[in-house]
Amino acid sequence: MDVTLHLAQQPEADELLGRSPLAALVGMLLDQQVPMEWAFAGPYTITRRLGGDDLDAHEIAAYEPEAFAALLSAKPAVHRYPGSMAKRIQQLCQYLVEHYEGDAAKVWEGAEAGTETGAELLRRLKELPGFGAQKAQIFLALLGKQLGVRPTGWRAAAGAYGEAESFRSVADITGPESLTKVRAHKQEMKAAAKAAKASGG
């Protein structure tokens with residue numbers, strides 16, 4: 001895994017996301033209730049504050065919880081809710097240590113080798129702490145569209161997020177133009193949901 005992503009819109013942060021499976025997972029975990037760029041810049045900020053050049057699941061899993069929360073809370077904070085997100089990141093890393101020897105890439109290794117289907121990979125992603133069905137589908141679409149992990153049936157397993165030429169999520173963002181399109185789609189979805197609510201639908 002060594003590609004250039006454009007999710008943080010910051011060269012160093014995007015470079016880390018493209019080479020570090022754990023950074024990509026943590027960025028996806030952080031991607032809620034804050035702007036996407038803020039969420040995906042988070043792994044780079046955490047890496048810098050830990051004094052390394054990549055995230056280490058073993059190190060984060062064993063980190064003293066209050067100290068880790070303080071690390072994320074230091075200004076500028078890594079997330080709008082740094083305390084709860086610190087806990088979630090540690091839970092994710094503890095799960096990876098327990099089930100995947102701390103190696104995030106092992107979550108999708110079988111799929112990459114062609115021995116697992118998209119549906120099986122989706123199941124594994126949904127088992128990760130903090131990854132609900134939607135987050136797992138978006139990450140599966142990101143793996144397929146930008147990171148070259150394309151097990152049989154991955155588009156179907158990712159649902160609408162797996163569709164080619166769609167601009168629904170972070171999986172479709174490859175630069176400023178696609179970012180604008182994804183933002184527009186999200187605004188449309190919000191407006192439609194608001195209208196449905198207003199009409200009692």
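**Gln9 is partly exposed, with a relative accessible area of 35%.** Here, buried means under 20% relative accessible area, exposed means over 50%, and partly exposed is anything in between (1.4 Å probe, protein chains only). Welcome to a predicted model, in which local features need pLDDT of at least 70 and side-chain atom pairs count only at pLDDT 80 or more, while totals for chains, interfaces and linings use all residues. Residues are numbered from 1 along each chain as its sequence is written, and side-chain values use heavy atoms, with hydrogens and water left out. Gln9 sits in the segment before helix 1 and has a positive phi of about 60°, although it is not a glycine. Helices (H or I, at least four residues) and strands (E, at least two) are DSSP runs, counted from the N terminus.

**Glu15 and Arg19 pair up along helix 1.** Their salt bridge brings the closest N and O atoms to 2.8 Å; the term stands for a side-chain nitrogen of Lys or Arg within 4 Å of a carboxyl oxygen of Asp or Glu. The two residues are about one helical turn from each other, because they are four residues apart in helix 1, which covers residues 11-19. Glu15 is partly exposed at 38% relative accessible area, and Arg19 is partly exposed too, at 30%. A search of the whole structure finds seven salt bridges, and two others appear in the next views.

**Glu116 and Arg124 meet in a salt bridge, 2.6 Å from N to O.** This time the partners are covered: Glu116 counts as buried at 15% relative accessibility, and Arg124 is buried with a relative accessible area of 16%.

**On helix 11, Lys181 and Glu177 form a salt bridge.** The closest N and O atoms are 3.8 Å apart. Because the two residues are four places apart in helix 11, about one helical turn separates them. Lys181 is partly exposed at 39% relative accessibility, while Glu177 is exposed at 60%.

**Ten of the ten residues of helix 2 are buried.** This helix spans residues 21-30, and its buried residues include Pro21, Leu22, Val26, Met28 and Leu30. Among the elements covering them are helix 1, helix 3 (36-50), helix 4 (57-62), helix 6 (82-100) and helix 9. Contact here means heavy atoms within 4.5 Å.

**Ile46 is one of the residues that touch the most other members of the largest nonpolar core.** That core holds 65 residues, and Ile89 and Phe139 share this role with Ile46. A nonpolar core is a set of buried Ala, Val, Leu, Ile, Met, Phe, Trp, Tyr and Cys residues joined through side-chain atoms within 4.5 Å. Leaving aside residues up to four places away in sequence, Ile46 touches Val26, Leu55, Phe68, Leu71, Leu72, Val78 and Ile89.

**Leu71 lies in helix 5, residues 65-73.** Its relative accessible area of 13% makes Leu71 buried. Beyond residues up to four places away in sequence, Leu71 touches Ile46, Arg49, Leu50 and Tyr63. Leu71 and Glu112 are 41 residues apart in sequence, and their C-alpha atoms are 34 Å apart in space.

**Lys75 and Pro76 are joined by a cis peptide bond.** Omega is about -5° at this bond. Look for Pro76 in the loop between helix 5 and helix 6.

**The largest pocket encloses about 650 Å³ of space.** Its lining has 24 residues, with Asp31, Gln134, Arg168, Lys186 and Lys190 lying nearest the centre. Helix 9 (133-146) and helix 11 (176-198) are the elements that give two or more residues to this lining, and helix 11 supplies the largest share, eight residues. On a 1 Å grid over the protein atoms alone, a pocket is an open set of points where a 1.4 Å probe fits, with protein on both sides within 12 Å along at least five of seven lines; lining residues have an atom within 4 Å of a point. Points are joined across faces, edges and corners, and the volume is the space filled by probe spheres set on them.

**The second largest pocket has a volume of about 160 Å³.** Among its lining residues are Lys145, Arg155, Phe167, Asp172 and Glu165. Glu165 belongs to the loop between helix 10 (154-157) and helix 11. Phi of Glu165 is near 60°, a positive value in a residue other than glycine, and Glu165 counts as exposed at 73% relative accessibility.
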